[in-house]
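The following exercises invite the reader to work through a protein model step by step. Each task is followed by its solution.

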Amino acid sequence: MIRSLTAVGMLVLAAGCATAEPERLPESDACLITDERRIPVSVELARSPEQRSKGLMGRTSLAPDRGMLFIYNRPRDPDYGFWMYQTLIPLDIAYLSEDGVIGAIRRMTPCPSKRGSECPSYPAGVSFSLALEMNQGFFERHDIGVGDRLELSAARCQAAG
């Protein structure tokens, strides 16, 4: 019995430590491209189902020019969406095609509920293969909208000067 309690205690301690410092994913420089501007950003790449499930949960801040890019192996249906369960930062999400063109942008607010079933979903409304989460208001401040695109290359931003 003591051995099981010790094992449970160690698991609880490990879980507490794991949530204290959220996992950082591989990063890439990227460029959001409009007709008039090129906006450099840095994105964490969420490729695996586990990484996409965790997303930005538990984070208390996100630098102004940073985001998370969710990458899917095949397109998601328009009714597929994201939610803000255990996500503390107000976010905007851009749903993009495989070639990085923005098809829709949604504003998402943190869900205060301790139960995921009580958190709203933010469906794309368009088919998408990529989803980019940035701080709420980022797309609006930079006048980024539907039809603009994301490229995973800092050189594309620098080439424009």
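**Exercise 1. Identify which residue of S3 is the bridge partner of Ser42, and place this pair in the pairing of the strands.**

Step 1. The bridge partner of Ser42 in S3 is Arg66. Strands are DSSP runs of E with at least two residues, helices are runs of H or I with at least four, and both are numbered from the N terminus.

Step 2. Strand S3 covers residues 66–76 and pairs with S2 in the parallel sense, over five bridges. Two strands count as paired if DSSP finds at least two bridges between them.

Step 3. Some conventions apply throughout: this is a predicted model, in which local features need pLDDT of at least 70 and side-chain atom pairs count only at pLDDT 80 or more, while totals for chains, interfaces and linings use all residues. Residues are numbered from 1 along each chain as its sequence is written, and side-chain values use heavy atoms, with hydrogens and water left out.

**Exercise 2. Describe the surroundings of Ser28 and state whether Ser28 is buried or exposed.**

Step 1. Ser28 belongs to strand S1, which spans residues 27–33.

Step 2. In S2, Ser28 has Val43 as its bridge partner. S1 and S2 run antiparallel and are joined by seven bridges, and a hairpin of four residues connects S1 to S2.

Step 3. Beyond its neighbours within four places in sequence, Ser28 is in contact with Val41, Ser42, Val43, Leu45 and Leu152. Contact means heavy atoms within 4.5 Å.

Step 4. Ser28 is buried, since its relative accessible area is 17%. Buried means under 20% relative accessible area, exposed means over 50%, and partly exposed lies in between, with a 1.4 Å probe and protein chains only.

Step 5. The partner strand S2, residues 38–46, is mostly covered, as seven of its nine residues are buried.

**Exercise 3. Determine the order of the strands in the open sheet of seven strands, and which strands stand at its edges.**

Step 1. The order is S6-S5-S8-S3-S2-S1-S9, and the pairing is mixed.

Step 2. The edges are held by strand S6 (102–108) and strand S9 (149–151); each has a single partner strand, so one side of each is left without a neighbour in the sheet.

Step 3. On average, neighbouring strands of this sheet are turned by 30° against each other, direction ignored. Axes here are lines fitted to C-alpha atoms, for helices over the stretch in contact, and angles run from 0 to 180 degrees between N-to-C directions.

Step 4. At the S9 edge, S1 and S9 run antiparallel and are joined by three bridges. Leu150 in S9 is the bridge partner of Leu32.

Step 5. In general, strands of a sheet pair through backbone hydrogen bonds, either parallel or antiparallel.

**Exercise 4. Find how many disulfides the whole structure contains, and describe each link.**

Step 1. A search of the whole structure gives two disulfides. A disulfide is a pair of cysteine sulfur atoms within 2.5 Å.

Step 2. One disulfide is formed by Cys31 and Cys157, with sulfur atoms 1.9 Å apart. This pair links distant parts of the chain: Cys31 lies in strand S1 and Cys157 in helix H4 (residues 154–160), 126 residues apart. The link is right-handed, with 105° about the S-S bond.

Step 3. Both ends can be assessed for burial: Cys31 is buried at a relative accessible area of 0%, and Cys157 is buried at 11%.

Step 4. Cys111 and Cys119 are joined by a disulfide with an S to S distance of 2.1 Å. This link is left-handed, with -85° about the S-S bond. Cys111 is buried at 12%, and Cys119 is buried at 10%.

Step 5. With bonded cysteines counted along the chain, the disulfides follow the pattern 1-4, 2-3.

**Exercise 5. State how many helices and strands the protein has, and over which residues pLDDT stays under 50.**

Step 1. The protein has four helices and nine strands. Along the sequence they follow the pattern α-β-β-α-β-β-β-β-β-β-α-β-α.

Step 2. Of its 161 residues, 41% count as buried.

Step 3. The mean pLDDT is 87, and 84% of the residues reach 70 or more. pLDDT is the predictor's confidence in each residue, from 0 to 100.

Step 4. Over residues 1–19 pLDDT stays under 50, and the model has zero contacts beyond four places in sequence for them.
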